[in-house]
Amino acid sequence: MFRDATLVASKDLRIEWRSRVGINQIAPFAVLILVLFAFALDPDKGLLTKATPGLYWVAVLLCGLLAVQRSFAVEASDGATDALRLSGIEPSALFLGKAAAVLLQILVLDVVLLVGVTILYGTTFTGWVLVVGTVVSASVGIAAAGTLYGVLAAGLRVRETLLPLLLLPVLAPVLIGSTRAFEAALAGTTSEGWLWFGLLSVFALIYVAAGAALFGPLLEEA
Amino acid sequence: MTTELHADSIPDDRPRPGEGTPIDSGPHSTGSPATRALGIAVLAGFAMLAYLGLAGTPEDQVQGELVRLLYVHPQSATVAYLGCFFATTGSVMYLWKRSVWWDLVAHATAEIGAVFTAFALITGMLWGRPSWGTYWVWDARLTSTAMLMLLLLGYLALRKLPGDPDVRARQSAIVGLLLVPNVILVRQSVTWWRTLHQAPTLSLPGAQIEGLLLFTMMFGFAVFSGLFLWLTIHRFRVAWLARQVDELAVDEAITARIAEGTPR
């Protein structure tokens, strides 16, 4: 199963690498969001530095949404979905593969945004273990829930508008948890941050399990 | 088929439409003697609740007239959660049994749950403005109820999309299945969010409720549950009939096409 998942993930990542949509469009969009926040909140008042955890994770959510949409847009044409179903790969392996590919892209975006807030907002990060743990567990949650709701919306004509409405309320716990964990890391109160890390991990586990179980029936409709 | 519709026949007497389809044995109108009786009882209950709530009970020493919202607000919130719970139950049962019945139960209860959630939010805001001085506070309970509303709206948006009803039912069932787990996750995270950093802002003031006030509150729960039941039964029947009409229209179109193609 994991070999199949790796196959699917490497296929998606190869498409991404060759089309360079992630690098040429989504990553610049991530930086753009950071600049837009700076326009909206006066950079001179120190608001940006104070609000960095929240702004960072809102940016991750919006970029993650694009990555998820992109992940199913590549399957939309040329009967690629039917080909996936005919490939004989277990639906749960398909789910893990697609989610892993999305996860890797989100992790890259996370790094881009971390560098971005360090440079543009002048934020100095402390508590690196907690920061890395939060980034990984939150990204797994976003990728798993995103892939599950992504395949659900994939076959619909209104997918671009419906997916945010379905997915973003579901990801609210991730936004709350990751923002608080970052705040704790920046404030040096890491013990509180690890509680939030626990919540993020539970969320990620639930959605990896739910996705692996429910991907099959949803793929049939896509 | 010997189905002839007479314009003057009352709906309950007309021949069953969509004969031979799996959803043949169902309600043929939205009312029945039992639900009419229930409807009348609920109406009478609301009249009684309005009297008790507005005139029969005294105003509160701490909250004044605002206490009267206590007879409708917690009730609608409870019924909203009930609707959410049934929506998930219906979705799980649909995925298991694959019956139209459970699909429509989930649809009906989710829709009614959304209405009661909206009502609970509005009455909550009306209560918050005079007592907290603001319509909205980022309290755990308020925030998670607002998120519940958004989750329900997403579910209903998916339901409303046109297309094959079976496909839509399966997709909705999976979103509905995740509804309660999501509400629990959101609620847990929001509660932590609000309590790790500050003391809870909302606790029911004047927790000593007794006598007629307590009775009115409990009576409110009963009346709202009755309303929920009545609305659910009727919404379910409307949805059922709508499905039958859809299938009937397809049947008629097929018959018409076959008749057109028959050589004379």
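## Helices, core and interface in a predicted two-chain model

B:Val180 is partly exposed, because 19 other C-beta atoms lie within 10 Å, and a residue needs 20 or more to count as buried. The model is predicted. B:Val180 sits in helix α6 of chain B, which covers residues 179-197. Leaving out residues up to four places away in sequence, B:Val180 touches B:Cys84, B:Phe85 and B:Thr88. B:Phe224 is 44 residues from B:Val180 along the chain, and their C-alpha atoms are separated by 21 Å.

**Chain B overall**

Chain B has seven helices and zero strands. From the N terminus on, its elements run α-α-α-α-α-α-α. Of its 264 residues, 30% count as buried. Contacts in chain B reach across the sequence. Among those with a separation of 6 or more, 76% join residues 24 or more positions apart.

Two helices of chain B can be checked for length. Both comparisons use a rise of 1.5 Å a residue.

| Helix | Residues in helix | Expected span | End-to-end C-alpha distance |
|---|---|---|---|
| α5(B) | 13 residues | 18 Å | 18 Å |
| α2(B) | 25 residues | 36 Å | 36 Å |

For α5(B), residues 165-177, the expected span agrees with the distance between the end C-alpha atoms. For α2(B), the two values agree as well. Helix α5(B) also holds a run of buried residues: B:Ala169, B:Arg170, B:Gln171, B:Ser172, B:Ala173, B:Ile174, B:Val175, B:Gly176 and B:Leu177.

**Two arginines with positive phi**

Most residues other than glycine have a negative phi. Two arginines depart from this. B:Arg98 has a positive phi of about 55 degrees. B:Arg98 follows α2(B) and lies in the loop between α2 (73-97) and α3 (100-132) of chain B. B:Arg98 counts as partly exposed because it has 13 C-beta neighbours inside 10 Å.

In chain A, A:Arg20 also has a positive phi, near 55 degrees. A:Arg20 is found in the loop between α1 (2-19) and α2 (21-40) of chain A. Is A:Arg20 buried or exposed? A:Arg20 is exposed, because 10 other C-beta atoms lie within 10 Å, and 12 or fewer is the limit for that class.

**The nonpolar core**

The largest nonpolar core holds 125 residues. Which of its residues touch the most other members? They are A:Ala144, A:Ala145, A:Leu148, A:Tyr149 and A:Phe215. Helix α6 of chain A, residues 128-154, gives the most to this core, with 15 residues.

A:Phe215 has contacts beyond its neighbours within four places in sequence: A:Pro91, A:Ser92, A:Leu94, A:Phe95, A:Leu148 and A:Val151. One of these, A:Leu148, is itself among the core residues that touch the most other members.

A:Ala99 is found in helix α5 of chain A. A:Ala99 counts as buried because it has 30 C-beta neighbours inside 10 Å. Not counting residues up to four places away in sequence, A:Ala99 touches A:Ala143, A:Ala144, A:Thr147 and A:Gly211. A:Ile33 is 66 residues from A:Ala99 in sequence and 24 Å away in space, C-alpha to C-alpha.

**A helix pair in chain A**

Two packed helices are described by the angle between their axes and the distance between the axes. The axes of α3 (residues 47-73) and α5 (residues 91-120) of chain A come within 9 Å and cross at roughly 145 degrees. The crossing of α3(A) past α5(A) is right-handed.

On the α3(A) side, the contact includes A:Thr52, A:Tyr56, A:Ala59, A:Val60, A:Cys63 and A:Gly64. Facing residues in α5(A) include A:Lys98, A:Ala101, A:Val102, A:Gln105, A:Ile106, A:Leu109 and A:Asp110. The contact of α3(A) with α5(A) divides into 12 nonpolar, four polar and two charged residues.

**Where the chains meet**

How many residues of each chain take part in the contact between chain A and chain B? 22 residues of chain A are in contact with 21 residues of chain B. On the side of chain A that touches chain B, α7 (159-170), α8 (172-187) and α9 (190-221) are the elements that give two or more residues. The largest share, nine residues, comes from α9(A). By type, this side of chain A divides into 18 nonpolar, one polar and three charged residues.

Notes:
Residues numbered from 1 in each chain as written. Chains lettered and ligands numbered in written order. Predicted model: local features only at pLDDT ≥ 70, side-chain atom pairs only at ≥ 80, totals over all residues. Helix = DSSP H or I, 4+ residues; strand = E, 2+ residues; numbered from the N terminus. Contact = placed C-beta atoms within 7 Å. Core = buried A, V, L, I, M, F, W, Y, C linked by C-beta atoms within 7 Å. Nonpolar A, V, L, I, M, F, W, Y, C, P; charged D, E, K, R; others polar. Axes fitted to C-alpha atoms, helices over the stretch in contact; angles between N-to-C directions. Left-handed = near helix turned anticlockwise from the far one by under 90°. Expected span 1.5 Å × (residues − 1).
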